[in-house]
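Hi,

Here is the model I promised to pass on. Have a look at it first, and my notes follow underneath.

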Amino acid sequence: MDSLPPDPARPATAPAAAERTSTVVIGSGLPGLAVASELSRRGIDAIVVESLECSDSGPMRTVMADAASLSERTELMRLLRGYATAHRIDVRQSTVAERLCIIGHPQLIKAPAERKKWAVQTADGVLLADHVVLTKFPQNELRRFLRSMDIAIGRDVKDTLRAIGLYLVGVGELLTPSTREIVRQAKLVGDAIGEQGPPALDRIAPRAAVSPL
């Protein structure tokens with residue numbers, strides 16, 4: 001199963017029946033629900049799907065939390081699930097992201113920010129979005145992805161990803177982020193996406209149907 005585009009030199013366009021949204025959040029755990037809730041509060045639609053699989057998940061250690069921390073995390077998950085249900089956030093726990101790519105690469109990568117479009121392929125079809133949020137993926141895979149598209153990686157990989165509409169929450173850390181850190185990152189991502197205004201996909205005429213991803 002492909003995790004990131006193996007052949008970015010070949011432009012990938014989406015079929016006409018693809019579903020459109022502002023943001024696809026990959027990962028329905030605490031980080032994913034936190035991001036989706038922040039976007040919902042800002043009036044930004046999002047679709048939450050399960051984790052993107054990769055060939056190398058990388059080492060990650062979990063901090064041994066005390067009872068109070070575990071209780072805080074459990075309570076926050078309960079609240080986020082309740083918020084998602086009450087506000088009808090589109091959470092698809094049975095849908096797994098199989099592939100992620102930029103549509104029209106390399107032409108689109110040089111376009112203005114509002115013209116960038118992402119495609120997330122699942123077994124149920126393709127999701128088109130202005131932004132993608134990853135909540136579990138190793139940085140070595142992300143760097144490999146960027147290099148495959150000849151994208152220069154600066155000192156901060158998150159800044160590089162943000163320039164192409166890809167955001168990270170709880171990704172690339174050696175230790176599992178604390179609950180407060182996850183919430184902080186989710187708010188920052190919500191602010192960053194919210195600053196870019198209405199979804200760009202609604203202003204772009206759909207392309208003719210071509211071969212699927």
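Two strands count as paired if DSSP finds at least two bridges between them, and strands (E, at least two residues) and helices (H or I, at least four) are DSSP runs, numbered from the N terminus. With that in hand: in β5, Gln121 has Val126 as its bridge partner.

Before more of that, the small print. This is a predicted model, where local features need pLDDT of at least 70, side-chain atom pairs count only at pLDDT 80 or more, and totals for chains, interfaces and linings use all residues. Residues are numbered from 1 along each chain as its sequence is written, and side-chain values use heavy atoms, with hydrogens and water left out.

Back to β4 (residues 118–122). Antiparallel to β4 runs β3 (residues 90–102), joined to it by five bridges, and Ala97 stands opposite Thr122. β5 (residues 125–134) is also antiparallel to β4, again with five bridges, and a hairpin through two residues links β4 to β5.

Is β4 buried or exposed? Five of its five residues are buried, so the rest of the structure largely encloses the strand (buried is under 20% relative accessible area, exposed over 50%, partly exposed in between; 1.4 Å probe, protein chains only). Trp118, Val120 and Thr122 point one way, Ala119 and Gln121 the other.

One side-chain contact to look at: the charged end of Arg41 sits over the ring of Tyr83, 4.7 Å from its centre (the cut-offs are NZ of Lys or CZ of Arg within 6 Å of the ring centre and within 35 degrees of the ring normal).

Cheers
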